[in-house]
Amino acid sequence: MADGASLPGAFGRELESRFEGYSWDRVKSSSKRSVYHLTKQGNPGVYLKIYHPQDLFQRIRNLVLPRTQKEAGMLKELARSGIPAAEVLAHFCHGTGSALAVREVEKSRLLIHFEKDFQEKMLFSIAGDILEHGFVHDDLHPGNVLIDSRNNYILIDCYEVKKKNGDRPSDRIRSYASIASVFGTTLPELKRLLPAENEGTIDSIALMAQDIRRKRVKRWIRRSLSDGSFSKTEKNRDYHAIIKRDETIDLKDMINIHRNNLKTGSNLLKVQDKTQISIAGDYCVKTYKKPLILNEPYALRSWKGSLILMLNGFRVAEPVACIVFNDGSSMLISRKLGFTQMDRLLHSGRLNAQEISTMAMSLGRTIGRMHMLGIFHADLKACNIFIDTAVNEAIFIDTDRVVQKKEILREKRLRNLMQIGLSLPSAASVSGGRSMIDAYTSQTGDNAEYLISELKRKMEGEKIVFTTENGDVFEVF
């Protein structure tokens, strides 16, 4: 039995005897649950989910009502009700541990391996189907749904499925909101995906989804500050550092290279009182001065801001490490970007009018989605946006003032749009401005004509500043 040592000994031996002659392949594992794929020539494949609780409370609870037994009962009830669900083959109990065996669905793939648009559309459809059959699934995501060769779905993880108590609107709102929170589904997209729902229900789904997602991201960021699945920490007498778990970076070497760059004036990108940025191999190193009293170190704010964007599905210069020195100064190390800043790209003249319009549309959709998720980047200038021209995607930097709240007021959203408009060459702003606003309002539901009128009024006569290879250029809007 592969990896048998990770299971309680006697229970592992019992399960081996029940599936004698099968090959075991562990496909998922955590501290209290393991999932194995069992195969034997001439026999249907089996998936075996083994629950081995760790603490006393979990053990007592699983002894009284085995977690896997509850799931087995729900899988059978769903199947009787007409919901495609994994076929239960057997259930086992041994002490405080338990296991559930289900038949493998041949020629099927997890939904998570399909395109995201298909995942999103399929999950909303599945949720509706489950609700219509009198159930609610509180943990419906791409990792617990199979898709067969005919694009039909099969539920495989149903512990969080419950029988509906009447026809409460809250069940529909909660069920759809949990899906929307995974994909960052915007209000216009919800209206398209859920045409049968009334406007009040759609609004409630959007608000709950945003709240779920915001709280989830907040939890993930909090966990990133200590040793865990995302981060590892390093401490010595000079500093305390957070490092991305899969990175093998020598922090002392990075610190020395950056300090030498500053001393010799080489590989520099920016040198100001607050920040200094240089290139060190494949990394970009940014140092910050000591913050004001009672404020967080700037690099830590930037680490959190980058993760807010990343965990909501937006591209950033990938954060690699955050270092806070004993004097309060700090350093952020990120992956070096091989792309061009938006203002420099537009000033270079490499793009034609159609390419500028396409890029503006992509950026407008991205900023609109950010705002609908309650994300505000306080320094959203074109020099802080790099463009991956191969896929027309924006990549954001300078994230120490990125926050996520319940909502962003219209004035602050307008301020972000003004920041972009006033940091681009005026010719490009005119040619791509309409495209960007149309794309932006497709995500936010704002009136495009009103927004354009407001922006023109506020920006009239304002100074435009953008960066080029030869320094800053100043114009008037």
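Which residue just after α11 takes a positive phi? In this predicted model, the residue is Gly-374, with a phi of about 80°. The helix that precedes Gly-374 is described first, followed by the charged pairs, the aromatic rings and one sheet.

Helix α11 covers residues 353-372, a run of 20 residues. From the first C-alpha to the last, the helix reaches 28 Å, which is close to the 28 Å expected at 1.5 Å a residue. At the N-terminal end, α11 is capped by Asn-352. A side-chain oxygen of Asn-352 lies 3.1 Å from the backbone nitrogen of Gln-354. Buried residues of α11 include Ile-356, Met-359, Leu-363, Ile-367 and Met-370. Smaller names on the list of buried positions are not left out: Ser-357, Ala-360, Ser-362, Gly-364, Thr-366 and Gly-368 are among them, as is His-371.Salt bridges were examined next. The structure holds 31 of them. One is formed by Lys-49 and Asp-157, whose closest N and O atoms are 3.6 Å apart. This pair links distant parts of the chain, with the two positions 108 residues apart in numbering. Lys-49 belongs to strand β3 (residues 46-51), while Asp-157 sits in the loop between β9 (153-155) and β10 (161-163). Both Lys-49 and Asp-157 are buried.

A further salt bridge is made by the side chains of Arg-172 and Glu-132, at 3.7 Å from N to O. Arg-172 is in helix α5 (residues 169-183) and Glu-132 is in helix α4 (residues 116-132), so the salt bridge ties together parts that are 40 residues apart in sequence. The two partners differ in exposure: Arg-172 is buried, with a relative accessible area of 17%, whereas Glu-132 is exposed at 59%.

The side chains of Glu-469 and Arg-344 also meet in a salt bridge, with an N to O distance of 3.5 Å. Because Glu-469 lies in the loop between β24 (463-468) and β25 (471-476) and Arg-344 lies in helix α10 (residues 342-347), the pair ties together parts that are 125 residues apart in sequence. Glu-469 has a relative accessible area of 65% and is exposed. Arg-344, with 26%, is partly exposed. Salt bridges also join into a network, which links Asp-138, Lys-162, Arg-168, Asp-171 and Arg-174.

Aromatic contacts form another group. A pair of aromatic rings is described by the distance of the centres and the angle of the planes. The structure holds eight aromatic pairs. In one of them, the rings of Trp-24 and Tyr-36 have centres 5.3 Å apart and planes at 70°, so the pair is edge-to-face. Trp-24 is part of strand β1 (residues 23-29) and Tyr-36 is part of strand β2 (residues 33-39), so this contact ties together parts that are twelve residues apart in sequence. Trp-24 is buried, with a relative accessible area of 10%. Tyr-36 is buried as well, at 0% relative accessibility.

Phe-230 and Trp-303 make an edge-to-face pair too, at 6.3 Å centre to centre and with 75° between the planes. Phe-230 lies in the loop between α7 (199-224) and β11 (231-235), and Trp-303 lies in helix α9 (residues 298-311), so the ring contact ties together parts that are 73 residues apart in sequence. Phe-230 counts as partly exposed at 25% relative accessibility, while Trp-303 is buried at 0%. Elsewhere, ring pairs link Phe-19, Tyr-22 and Phe-92 into a cluster.

Charged side chains are also found over aromatic rings. Arg-67 lies over the face of Tyr-159, at 3.8 Å from the ring centre. Likewise, Arg-109 lies over the face of Phe-114, at 4.1 Å from the ring centre.

The last element considered is an open sheet. Strands of a sheet pair through backbone hydrogen bonds, either parallel or antiparallel. Here four strands are arranged in the order β16-β22-β21-β19, with mixed pairing. The edge strands, β16 (315-316) and β19 (340-341), each pair on one side only. Strands β21 (residues 385-388) and β22 (residues 393-396) run antiparallel and are joined by four bridges. Ile-387 has Ala-394 in β22 as its bridge partner.

Note on methods
Residues numbered from 1 in each chain as written. Heavy atoms only, no water. Salt bridge = Lys/Arg side-chain N within 4 Å of Asp/Glu carboxyl O. Buried < 20%, exposed > 50% of the residue type's maximum accessible area, 1.4 Å probe, protein only. Expected span 1.5 Å × (residues − 1). Polar contact = N/O pair within 3.5 Å; in protein donor to acceptor, adjacent residues only side chain to side chain. Phe/Tyr/Trp six-rings, centres within 6.5 Å; stacked < 30°, edge-to-face > 60°. Lys NZ or Arg CZ within 6 Å of the ring centre and 35° of its normal. Pairing = 2+ DSSP bridges.
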